[in-house]
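Please open the structure in a viewer and keep the sequence panel visible. This tour proposes one selection after another and states what is found at each stop.

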Amino acid sequence: MGDNLQIHDMLPGPETGRILRDALGRFATGITVVTTQGDAGPAGITANSFASVSLDPPLVLWSPARSSARFPIFSAATAFSIHVLGQDQSDLAARFSRGGVGFDGLVTTHTPEGIPVVPQVLARFDCQLHATHDGGDHLIIVGRVVRFALRDGAPLVFSQGSYGNFIAAGA
């Protein structure tokens with residue numbers, strides 16, 4: 001067996017920061033776009049830090065980076081929508097990433113709370129702010145799901161710095 005199959009223990013620190021990030025990237029995640037209505041208009045951000053927390057009450061979380069230019073908008077939001085992207089929606093992920101065009105030219109609707117909704121996503125969770133927690137260089141935002149929607153399809157997946165898709169066993 002080759003060396004690339006062995007696990008090498010390391011300690012987190014400044015000299016291993018990039019390697020730690022690479023190790024975390026081994027965990028495949030789905031891709032979401034989180035939207036809210038800010039003082040200057042609609043805001044959206046691509047995030048892969050999404051997780052379900054509880055079914056009763058219905059709680060989900062996501063974690064924006066404190067270094068993001070959009071952090072002040074989302075850290076102050078009392079309502080937001082989390083959109084889970086389908087395997088054919090990497091264009092939406094790019095649209096709401098750093099340097100993307102955001103809502104420019106995108107036809108949207110709004111939730112009853114006034115939050116912009118990205119069309120035709122795999123699933124959507126409309127949330128009211130439930131709690132926030134310090135997460136180091138991120139803020140952990142917990143939302144109470146007040147409404148959700150879904151459609152059939154496969155998710156857009158992110159792993160090791162690249163987008164991909166999920167292939168079910170036996171498919």
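Which cluster do ring pairs link together? Select Trp-62, Phe-74 and Phe-80: ring pairs link these residues into a cluster. Rings of Phe, Tyr and Trp (for Trp, its six-membered ring) pair if their centres lie within 6.5 Å; planes under 30 degrees apart count as stacked, over 60 as edge-to-face, and the rest as tilted.

Before continuing, please note that this is a predicted model, in which local features need pLDDT of at least 70 and side-chain atom pairs count only at pLDDT 80 or more, while totals for chains, interfaces and linings use all residues. Residues are numbered from 1 along each chain as its sequence is written, and side-chain values use heavy atoms, with hydrogens and water left out.

**The whole chain**

Display the chain as a cartoon. The chain contains three helices and twelve strands; helices (H or I, at least four residues) and strands (E, at least two) are DSSP runs, numbered from the N terminus. Along the principal axes, the C-alpha atoms fill a box of roughly 55 × 40 × 35 Å. The radius of gyration of the chain is 17 Å, which agrees with the value near 16 Å for a compact globule of 171 residues. This radius is taken over C-alpha atoms, and the globule rule is 2.2 Å times the number of residues to the power 0.38.

Now switch to a surface view. The accessible surface comes to about 10,500 Å², of which 56% belongs to carbon and sulfur atoms; such areas come from the Shrake-Rupley method with a 1.4 Å probe, and for residues only the protein chains shown count as cover. Of the 171 residues, 35% are buried. Buried means under 20% relative accessible area, exposed over 50%, and partly exposed in between (1.4 Å probe, protein chains only).

**The main core**

Return to the cartoon and show side chains for Val-34, Trp-62, Phe-74, Phe-80, Ile-82, Phe-125 and Cys-127. These are the residues with the most contacts inside the largest nonpolar core, which has 18 residues. A nonpolar core is a set of buried Ala, Val, Leu, Ile, Met, Phe, Trp, Tyr and Cys residues joined through side-chain atoms within 4.5 Å. The elements giving two or more residues to this core are β3 (41-47), β5, α2 (71-75), β6 (79-84), β9 (123-135) and β10 (138-150).

Centre the view on Cys-127. Apart from neighbours within four places in sequence, Cys-127 is in contact (heavy atoms within 4.5 Å) with residues including Val-60, Phe-80, Ile-82 and Val-145.

**The strands around it**

Select residues 50-62. Strand β4 (residues 50-55) and strand β5 (residues 58-62) pair in the antiparallel sense over five bridges, where pairing requires that DSSP finds at least two bridges between two strands. β4 and β5 form a hairpin with two residues between them, and Leu-55 stands opposite Pro-58 in β5.

Next, add β10. Four bridges join β5 and β10 in the antiparallel sense, and Trp-62 stands opposite Ile-141 in β10. Then add β9: β9 and β10 run antiparallel and are joined by twelve bridges. Arg-124 has Ala-149 in β10 as its bridge partner. β9 and β10 also form a hairpin with two residues between them, and in the turn Gly-136 has a positive phi of about 65 degrees.

**A second core**

Which residues does a second, separate core of eleven residues include? Select Leu-85, Leu-92, Ala-93 and Phe-103, which are among its members. Add Phe-96 to the selection: Phe-96 and Phe-103 form an edge-to-face aromatic pair, 4.9 Å centre to centre with 70 degrees between the planes. Phe-96 counts as buried because its relative accessible area is 1%, and Phe-103 is buried at 14%.

**The open sheet**

Finally, select β1, β11 and β12. These strands form an open sheet in the order β1-β11-β12, with antiparallel pairing. The edge strands are β1 (29-30) and β12 (162-165), each of which pairs on one side only. β1 and strand β11 (residues 156-159) pair over two bridges, and Gly-30 stands opposite Val-157 in β11.

Is Ile-167 buried or exposed? Ile-167, in the segment after β12, is exposed because its relative accessibility is 64%.
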